[in-house]
Structures are given as structure tokens and as C-alpha cells.
Amino acid sequence: MKPLSLPVSADVVAESWEIRIDKEADIIAVRQLVRELTKAHKFDQFATAALATAASELSRNVWVHAKSGQASVRVLRSERVGLELAFVDQGPGIANLELALAGGYSTANSLGLGLSGTRRLVDEFHIETKPGFGTTIVIRKWKRDF
Amino acid sequence: MPSGTIPILKIGSTLLATIQIDLHDTVVDAFQNDVLEEIEKTAASGLIIDISALEAVDSYVARMLANTGKMAKLMGAETVIVGMRPAVAATLVRMGYFMSGIRTALSLQEGLEIQDNRSKDRNAE
């Protein structure tokens, strides 16, 4: 499955990191990197918690369902600053995406809120999945200037 | 990581567990077992879990906290979660997780007062 391509905006990738997910500790590594970046770029505590939680949910999905995958973390910068997280795995994919996005559906004894909950925490949520081939998820959240 | 990484103290008839580190899933599971064993060992009637150091609580940790409360209740101990940060509360509810059935308090002080009153009520019965 080819990686998901997003509509390219004027947002420039200012910084970029790759983390391989193939053990439980990698969930923390992704979460910590995201938290460091949100702090470095002065996201507020709500955006920091939302992004750290989203990073945790999505990297755990990779670990639990696919056993391995790749997390990419990018700082986007133009007139606005945003964080983009991409998770790519070649795991089993999601058979019933509609149900998974509706929430309350779990195949791995979790809350079943991983996908539906994460979607509500971010500004942009893109998912591509094919049973037997894998899943790609890209999320973005923009820093708000009040 | 071995269990025992989250300190558990006894104050009167209440156990106080303070979560200070970024939790590995395995630590989360070990913590749950540790707390339940400690309740049995000390015959504590109350449990306070202080999460004021946590900047983010994902669904895994939220579920563990709620389940720990349910397990403690089955054993006869009441749980109060204290110190949840504004951003953590906002994130959990936005995700659709309401921590229903779990008692919470703003601060450790307030949590201790709740446990104290509960303990007095119990003794008065």
C-alpha cells in the first residue's frame, strides 16, 4: 500500500522525525517526542495533552494490532504552526472502518475509543486501510493564537 | 520495568498512590496489582490516586484508573482520584471517556478530607 498523500498546502515541513515502532517502549518514545515538540513550539496545555494522547493511542494501535510500523512526526510552519503525525503499518488493517470510527468498538480489549476519540482531538484526520495490507493514519493539529 | 515504581503510602486508613512518571503499559498493569495487594495487606478502607503530575492520560491509563477503582471497591475500599489537570479532563471527555463511577477531587487535601469523612461515617455505623 502506498503511503497516504495529503493535499499539499503552503505549510512547510520545518522539522521531521521518524520513530520505528516495534516494542511497547516505542509508544512512550513517540509520546515524549510529541510532548517535547509541542512545548518547544509553545502549544497550550490543551493542545499538548490532545497531541500526546493522540500519539499514544495511535502508536499503541500500531503496536497492538500490527506489531510494527513507522511513526513520522513533522512540524509544519507557514503563517501557522502545526504538528503532523503519520503512522504507517503493514498490519491486518481494519475490516470495519465505519464501526471503528464510530467508537465503542474494540478488537483488542481496549476502550474502543482509540480511533474515534483521537479523531475528536485533532483538526485533521486521514485514514487509509485495507484488510490484509495495513493502515496509514495522518493527523494534524494547528496551534491556536488567541 | 518491575513493579514498585509508583510509591504507595498509608495515611491513617487510606492508601495514597502518587503517579509521577510517564507510564509504560506494563507499569500500569503492575501498579494495579500492587495497589490491590497493598489494600489487602494494610486493610485500607480508602485509596487516593494522585495524578497531578500527568500531563496526558490516554485511554489505556484511563481504563486502568477506572478499573482499579472498581477492583478496590469490590474489595471494600473507596477510591478518589485527585489532581486531574484541566487539559487531561478536557482530553478525556473530548475522546468520549467520562470516567463514570469514579470519584474525583481537585486536590490531595480535598481527597484526604473525603476519605476522612467516609471513614468517620463508617465508624459511626
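This is a short chat about a predicted model with chains A and B.

Trainee: Let's start with the sheet in chain A. What's the strand order?
Mentor: The order is S1-S2-S3-S5-S4, in an open sheet of 5 strands with antiparallel pairing.

Trainee: Which are the edge strands?
Mentor: Strand S1 (12-21) and strand S4 (124-130) of chain A, as each pairs on one side only. From one strand to the next, the twist averages 10°.

Trainee: And how many bridges join S2 and S3 of chain A?
Mentor: They pair over 9 bridges, in the antiparallel sense. A:Val73 stands opposite A:Leu85 in S3(A).

Trainee: OK, helices. What does H1(A) lie across?
Mentor: S1, S2 and S3 of chain A, and H1(A) runs at about 160° to S1(A). H2(A) packs on the sheet too, touching S1, S2, S3 and strand S5 (134-142) of chain A. The direction of H2(A) makes about 10° with that of S3(A).

Trainee: Switching to the contact between the chains: how many residues does each one give?
Mentor: Chain A gives 24 residues and chain B gives 19 residues. On the chain A side, H2(A) gives the most, with 10 residues. By class, that side has 9 nonpolar, 10 polar and 5 charged residues.

Trainee: Now chain B. How do H1(B) and H2(B) sit relative to each other, parallel or antiparallel?
Mentor: Their axes come within 10 Å and cross at roughly 15°, so the two helices are roughly parallel to each other. The crossing is right-handed.

Trainee: Which residues meet there?
Mentor: Among them are B:Val28, B:Val35 and B:Leu36 in H1(B), and B:Val61, B:Met64 and B:Met71 in H2(B). The contact residues divide into 10 nonpolar, 2 polar and 2 charged.

Definitions and conventions
Residues are numbered from 1 along each chain as its sequence is written. Chains are lettered from A and ligands numbered from 1 in the order in which they are written. This is a predicted model: local features need pLDDT of at least 70, side-chain atom pairs count only at pLDDT 80 or more; totals for chains, interfaces and linings use all residues. Two residues are in contact if their C-beta atoms, placed from the backbone, lie within 7 Å. Helices (H or I, at least four residues) and strands (E, at least two) are DSSP runs, numbered from the N terminus. Ala, Val, Leu, Ile, Met, Phe, Trp, Tyr, Cys and Pro count as nonpolar, Asp, Glu, Lys and Arg as charged, and the others, Gly among them, as polar. Axes are lines fitted to C-alpha atoms, for helices over the stretch in contact, and angles run from 0 to 180 degrees between N-to-C directions. Angles under 35 degrees count as roughly parallel, over 145 as roughly antiparallel, 65 to 115 as roughly perpendicular and the rest as oblique. A crossing is left-handed if the near helix is turned anticlockwise from the far one by less than a right angle, and right-handed if clockwise. Two strands pair if DSSP finds at least two bridges between them.
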